[in-house]
There are 2 protein chains.
Amino acid sequence: MFKYIISIDLGGTNTRIALIDYALRIKDKISFSTKDFFSKRNRLISEIVVRIFTLLEKNHIRKRQILGVGIGVPGPVDFLRGKVYYLPNIPHWQNTAIRDILEEKLHFKVFVDNDVNLMTLAEFKLGAAKNTRNAVCLTLGTGVGGGLILEGELFRGASFCAGEIGHIPLSISGPKCNCGGRGCLERYVGNRYILSEARKKLKMENINLVKLSELSENGNRVALKIYNDFAEKIGIALTGVVNLINPEIIVIGGGLSFAGDFIFKKVKETIDKRAMPIQAKLVRVKKAILGKDAGLIGAALLVKDNLSYRRNKKLRR
Amino acid sequence: MFKYIISIDLGGTNTRIALIDYALRIKDKISFSTKDFFSKRNRLISEIVVRIFTLLEKNHIRKRQILGVGIGVPGPVDFLRGKVYYLPNIPHWQNTAIRDILEEKLHFKVFVDNDVNLMTLAEFKLGAAKNTRNAVCLTLGTGVGGGLILEGELFRGASFCAGEIGHIPLSISGPKCNCGGRGCLERYVGNRYILSEARKKLKMENINLVKLSELSENGNRVALKIYNDFAEKIGIALTGVVNLINPEIIVIGGGLSFAGDFIFKKVKETIDKRAMPIQAKLVRVKKAILGKDAGLIGAALLVKDNLSYRRNKKLRR
């Protein structure tokens, strides 16, 4: 009867909505700019609802063919209550009960989680961390996010905020971070800090990540050194994660992971050199393989896993 | 029928053996110096076996009244195979299949785990972390160890070495640590480093931890500053753990945790100041309450939990 899941990836730049079938293939997807709705949270939610109905109509899908809706958001979520705590890059979302709001408007079952958790879930079930039980995912971008798979389950922590690898301190008296901490990994390897470093060291005002990557590919020593330091810092933060969690795999995704394979090599080298021997020996470092759609697929998995689980639980009673 | 469990706490200084009843009360215990057997691993194992039989005889316990044997060791353990990987402070234990060796000699079921894991298990089931689901334990001493309770279970990681909070790096180019890493927490707050700091700053050659603690209790500013820096460094490493794991409680035990309650206050203050707001707000920092016997009680819990679980599994089939 059910055939499709609706996935929403609410991003700081774009919001993407996809119609995904039971085999987790994307049947159709649309995207619109989130920025147009920055000062109007309710209009953003209404836009999502309108777009969902348009997507269903266009694909001749009936409401009863939809299993449920999964939504990933770029910030911490109270998973149990389906509530966004806040979104660091989208204003006016503090304590938004997005699950209840969408359920009321859509009359579908809705599940909400942090976007990096959903990417982690997707890479674990279908991507680079398939067939593992203990995996760590890291996403590199403006923010540096993380997700944990422990003993074969997405691990969310006591208030569902676990996985913040970007906010592991790398120094005692490092620079202030947006999160309130000091010397966090993100403060050294987040896009804007890499670019500000590049601007200074290369003396190029209009540098961007594409140009920086081109320079390093062409053997520019300054650019290579920037990437090298960048990978080393990631490796040092992951050394702490490896010693603490003892995962079998680390999956790295997001913009800067595309700068070249030498980044993965340097990260693994740093872990091998610094982490405890048994933990270091076991762990592999791999590139994420699902790309930009990982979040959409993860949102579909979230719906599928939760609803099948509930059905099974009912059957067992 | 079963009434007792035998617990062994193999320590770098002393080895302790206890007879523990089903309600987890210690009925009797003995202790002997591990150092006498440093160059003779097999004689140490034989001594343990002899002492166990003596303990049983003395208490008029028959073999069939023993459910099993739990042993905690000060180093990483392959929990699945019952094998010690190595013991950093006791030589000649590389790849010792201690479970099989003891089972052959004793004809009891034997379980082996890392000593900090067992302390964590005890604090979780009966101690400071009772009635929680996500807890982090930290032990302060010569080594700085850690254990994790995640979703109500002891978390061991992919090769059973998780929990090494003492080896989270606090700086990128910090001093070399015994583990092979750089700038690890242990390298700043392990007993010997605290004492070497105290020796320098107080200009006292024969300082020890008791004297240092007395000085700070009497308001000696240098001693207070040493403890303050010590607690801050622990707080910074735990900031990373809190952001990554999102636990509801952190339990701190071991020698230096007895220096005074201001240490716990300073650790919590540091976390409040530096960790991400939702994670920081939730987490409590508490002193371990089971003291030196935590490891013995944890070893008994390990036996009880594993054997009851197996029995239940059998029943269900």
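**Helix pair in chain A**

I began with the handedness of the crossing between α5(A) and α7(A), and in this predicted model I find that the crossing is right-handed. I then looked up the geometry of the pair: the axes of α5 (residues 191-202) and α7 (residues 221-245) of chain A come within 10 Å and cross at roughly 150°.

Next I listed who meets whom: from α5(A) I noted Ile194(A), Glu197(A), Ala198(A), Lys201(A) and Leu202(A), and across from them in α7(A) stand Val222(A), Ala223(A), Ile226(A) and Phe230(A). When I sorted the residues of this contact by character, I got 7 nonpolar, no polar and 2 charged.

**Sheet in chain B**

I turned to chain B, where I traced an open sheet of 5 strands with mixed pairing, in the order β3-β2-β1-β4-β7. I marked β3 (26-33) and β7 (110-114) of chain B as the edge strands; each has a single partner strand, so one side of each is left without a neighbour in the sheet. Ignoring direction, I read an average turn of 15° between neighbouring strands of this sheet.

Within the sheet I followed β1 (residues 4-10) and β4 (residues 66-73) of chain B, which pair in the parallel sense over 6 bridges; for Asp9(B) I looked up the bridge partner in β4(B) and found Gly72(B).

**Helices on the sheet**

Last, I checked what packs on the sheet of chain B. Helix α1 (residues 41-58) touches β1, β2 (14-21) and β3 of chain B, and its direction makes about 35° with that of β2(B). Helix α2 (residues 98-106) of chain B touches β4 and β7, with its direction at about 150° to that of β7(B).

Terms used
Residues numbered from 1 in each chain as written. Chains lettered and ligands numbered in written order. Predicted model: local features only at pLDDT ≥ 70, side-chain atom pairs only at ≥ 80, totals over all residues. Pairing = 2+ DSSP bridges. Helix = DSSP H or I, 4+ residues; strand = E, 2+ residues; numbered from the N terminus. Axes fitted to C-alpha atoms, helices over the stretch in contact; angles between N-to-C directions. Contact = placed C-beta atoms within 7 Å. Left-handed = near helix turned anticlockwise from the far one by under 90°. Nonpolar A, V, L, I, M, F, W, Y, C, P; charged D, E, K, R; others polar.
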